[in-house]
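Here's a quick walk through one model, covering charged pairs, the nonpolar core and the internal cavities. Have the coordinates open as you read.

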Amino acid sequence: NINGVTLARPMFVYDTSVPNINENLRIVEGLRNIIDRDFPNLRRDDFVYTSTSSKFNADLSTNSILIEMGSEASNLGEAKNTARIIARAISEYLKK
């Protein structure tokens, strides 16, 4: 709950076995820094895979990330509230 708004806690998910992991992690790090600066303790820790069969399609291109909005305990409204924060962070990141 931030300023009376209930949020779902976002989490970055990635597979370190994809060939372009360094490019993708630069984006994750940039977004993570913005979110942590503006909303300390909102984010859950990253979920890191070391080898999956799907690779979450992050192996298909650079600039590919996966962000989970909340968990099974979150509702749609909370996820939408969090999406606004993520969108703002992405916008700021892209303007750099």
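Which residue's side chain meets that of Arg37 in a salt bridge? It's Asp38, with N to O at 2.7 Å. Bear in mind that this is a predicted model.

## Salt bridges

The Arg37–Asp38 pair is one of eight salt bridges found across the whole structure. Both partners are partly exposed: Arg37 has a relative accessible area of 48%, and Asp38 comes in at 28%.

Asp36 and Arg43 also pair up, at 2.9 Å from N to O. Here the two ends differ in exposure: Arg43 counts as buried because its relative accessibility is 15%, under the 20% cut-off, whereas Asp36, at 30%, is partly exposed. Then there's Arg44 with Glu68, whose closest N and O atoms are 3.9 Å apart. That pair links distant parts of the chain, 24 residues apart: Arg44 is in the loop between helix H1 (21-38) and strand E2 (47-49), while Glu68 belongs to strand E3 (residues 66-69). Glu68 is partly exposed at 33%. Through shared partners, salt bridges also join Glu29, Arg32, Asp36, Arg43 and Asp46 into one network.

## The nonpolar core

Nonpolar side chains tend to be buried together in soluble globular proteins. In this model, the largest nonpolar core has 16 residues, and those with the most contacts inside it are Phe12, Tyr14, Leu31, Ile35, Leu42, Ile85 and Ala89. Strand E1 (10-15), H1 and helix H2 (76-95) each supply at least two of the core's residues, with H1 giving the most, six.

Want a residue to click on? Try Leu31: setting aside neighbours within four places in sequence, Leu31 is in contact with Phe12, Ile65, Ala89, Ile90 and Tyr93.

## Cavities

How many cavities of 30 Å³ or more does the structure hold? There are two. The largest has a volume of about 90 Å³ and a lining of 13 residues, with Val13, Tyr14, Ala58, Ser64 and Ile65 nearest its centre. E1 and H1 are the elements that give two or more residues to this lining, and H1 has the largest share, four. By type, the lining of the largest cavity splits into 10 nonpolar, two polar and one charged.

The second largest cavity holds about 30 Å³ of space. Its lining is made up of Ile34, Ile35, Asp38, Phe39, Ile85, Arg88 and Ala89, with H1 and H2 the elements that give two or more residues. Five of these lining residues are nonpolar, none polar and two charged.

How values were computed: Residues are numbered from 1 along each chain as its sequence is written. This is a predicted model: local features need pLDDT of at least 70, side-chain atom pairs count only at pLDDT 80 or more; totals for chains, interfaces and linings use all residues. Side-chain values use heavy atoms; hydrogens and water are left out. A salt bridge is a side-chain nitrogen of Lys or Arg within 4 Å of a carboxyl oxygen of Asp or Glu. Buried means under 20% relative accessible area, exposed over 50%, partly exposed in between (1.4 Å probe, protein chains only). A nonpolar core is a set of buried Ala, Val, Leu, Ile, Met, Phe, Trp, Tyr and Cys residues joined through side-chain atoms within 4.5 Å. Contact means heavy atoms within 4.5 Å. On a 1 Å grid over the protein atoms alone, a cavity is a set of points where a 1.4 Å probe fits but cannot get out, and a pocket is an open set with protein on both sides within 12 Å along at least five of seven lines; lining residues have an atom within 4 Å of a point. Grid points are joined across faces, edges and corners, and a volume is the space filled by probe spheres set on the points. Ala, Val, Leu, Ile, Met, Phe, Trp, Tyr, Cys and Pro count as nonpolar, Asp, Glu, Lys and Arg as charged, and the others, Gly among them, as polar.
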